[in-house]
Amino acid sequence: MLDIYTLGDDVLRGKCSEIKKFDSALRMLADAMIDTMDEADGVGLAGPQVGVQEKIFVVHIGDEKPMVFINPEIIETSIEVSPYEEGCLSIPGVYHEVIRPSRVTVQAQDLDGKAFTLKADGLLARVIQHENDHLSGILYIDHLSDDEKAAAIRSYERKNKSRLKARKRRV
Ligand code: NI
């Protein structure tokens, strides 16, 4: 299992670099990310969340096969938007409604470097947008109003006191 970095860790706020080598190390990283996501009961996990500042995220929804997106780019979004209560493995215990486009078209590469295009709606469209944001150092709470975001951070700090104390000791 990989360690999941949480709110306050700088790695979540950086920009990710493009992946150019499609080798066995990349395959191992993707497998480890999928295992870590499944173990944490998440539906998506992006590179920065496991300390890897590279353009990769994984998605696993319900009984579908886990998916890997490398160097993704959202090339189209619907005008129609919808609300959905989002959470994030890097902000444990906090959930908030976020409004985003209902449908997206994403272009990405698979583990062999082969390009693919996917049209997504529903939860898949939601997760793709959330994970894609991570690759630019954006968290879902950044989409909230200033007041909502401040409240979400306070709630996170309240719910994760012991974890945050442990981090202070480490530093
Ligand atoms: Ni997240």
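Tutor: Before we start, a quick definition: a donor is an N, O or S atom within 2.8 Å of the metal, and water is not among the atoms, so a site may look incomplete. Also keep in mind that this is a predicted model.

Student: Okay, which residues coordinate the nickel ion?

Tutor: Look for the atoms that sit at 2.1 to 2.2 Å from the nickel ion. One is an SG atom and two are NE2 atoms. They belong to Cys88, His130 and His134.

Student: How are those donor residues spaced in sequence?

Tutor: Start from the cysteine and walk along the chain to the histidines, writing x for the residues you pass. For the donors of the nickel ion, that gives the pattern C-x41-H-x3-H.

Student: What separates His130 and His134 in helix H2?

Tutor: Helix H2 covers residues 122–134, and both histidines are in it. They are 4 residues apart there, so the separation is about one helical turn.

Student: Is His134 buried or exposed?

Tutor: The cut-off for buried is under 20% relative accessible area. His134 has 1% relative accessibility, so this residue passes. Its partner at the metal, His130, has 8% and counts as buried too. So for His134 the word is buried.

Student: Let's go to the surface. Which residues gather in the patch of negative charge?

Tutor: Asp and Glu count as negative, so those are the names to look for. One member, Asp38, has its place in helix H1, residues 24–39. Asp38 is partly exposed, with 33% relative accessibility. The full patch is Asp31, Asp35, Asp38, Glu39 and Asp41.

Student: And where does Ala40 lie?

Tutor: Ala40 has 31% relative accessibility, so it counts as partly exposed. Its C-alpha atom is separated by 22 Å from that of Ala25, 15 residues apart along the chain. As for its place, Ala40 lies in the loop between H1 and strand S1 (44–46).

Student: How many salt bridges does a search of the whole structure find?

Tutor: To count one, you need a side-chain nitrogen of Lys or Arg within 4 Å of a carboxyl oxygen of Asp or Glu. Searching the whole structure that way gives 7.

Student: How far apart in sequence are the parts that Asp142 and Arg13 tie together?

Tutor: These two form a salt bridge, with their closest N and O atoms 2.7 Å apart. Asp142 lies in the loop between H2 and helix H3 (146–159), while Arg13 is in the segment before H1, so the sequence gap between the parts they tie together is 129 residues.

Student: Which lysine side chain meets Asp142 in a salt bridge?

Tutor: Asp142 is partly exposed at 27% relative accessibility. The lysine is partly exposed as well, at 25%. The N to O distance in this salt bridge is 2.9 Å, and the lysine is Lys149.

Student: Which residue does Arg103 meet in a salt bridge?

Tutor: The N to O distance of this pair is 3.0 Å. Arg103 is in the loop between strands S5 and S6, and its partner, 23 residues apart, is in the loop between S3 and S4. That partner is partly exposed, with a relative accessible area of 45%. Its name is Glu80.

Student: Last one: which residues are linked in a network of salt bridges?

Tutor: Side chains of opposite charge can pair when their charged atoms come close. Here the linked residues are Glu86, Arg100, Arg126 and Asp133.

Terms used:
Residues are numbered from 1 along each chain as its sequence is written. This is a predicted model: local features need pLDDT of at least 70, side-chain atom pairs count only at pLDDT 80 or more; totals for chains, interfaces and linings use all residues. Side-chain values use heavy atoms; hydrogens and water are left out. Donors are N, O and S atoms within 2.8 Å of the metal (3.2 Å for Na, K and Ca); water is not among the atoms, so sites may look incomplete. Helices (H or I, at least four residues) and strands (E, at least two) are DSSP runs, numbered from the N terminus. Buried means under 20% relative accessible area, exposed over 50%, partly exposed in between (1.4 Å probe, protein chains only). Patches are made of residues with over 30% relative accessible area and no salt bridge: like charges are joined within 9 Å, nonpolar side chains (Val, Leu, Ile, Met, Phe, Trp, Tyr) within 5 Å. Accessible areas come from the Shrake-Rupley method with a 1.4 Å probe; for residues, only the protein chains shown count as cover. The place of a charge is taken as NZ of Lys, CZ of Arg, CG of Asp or CD of Glu.
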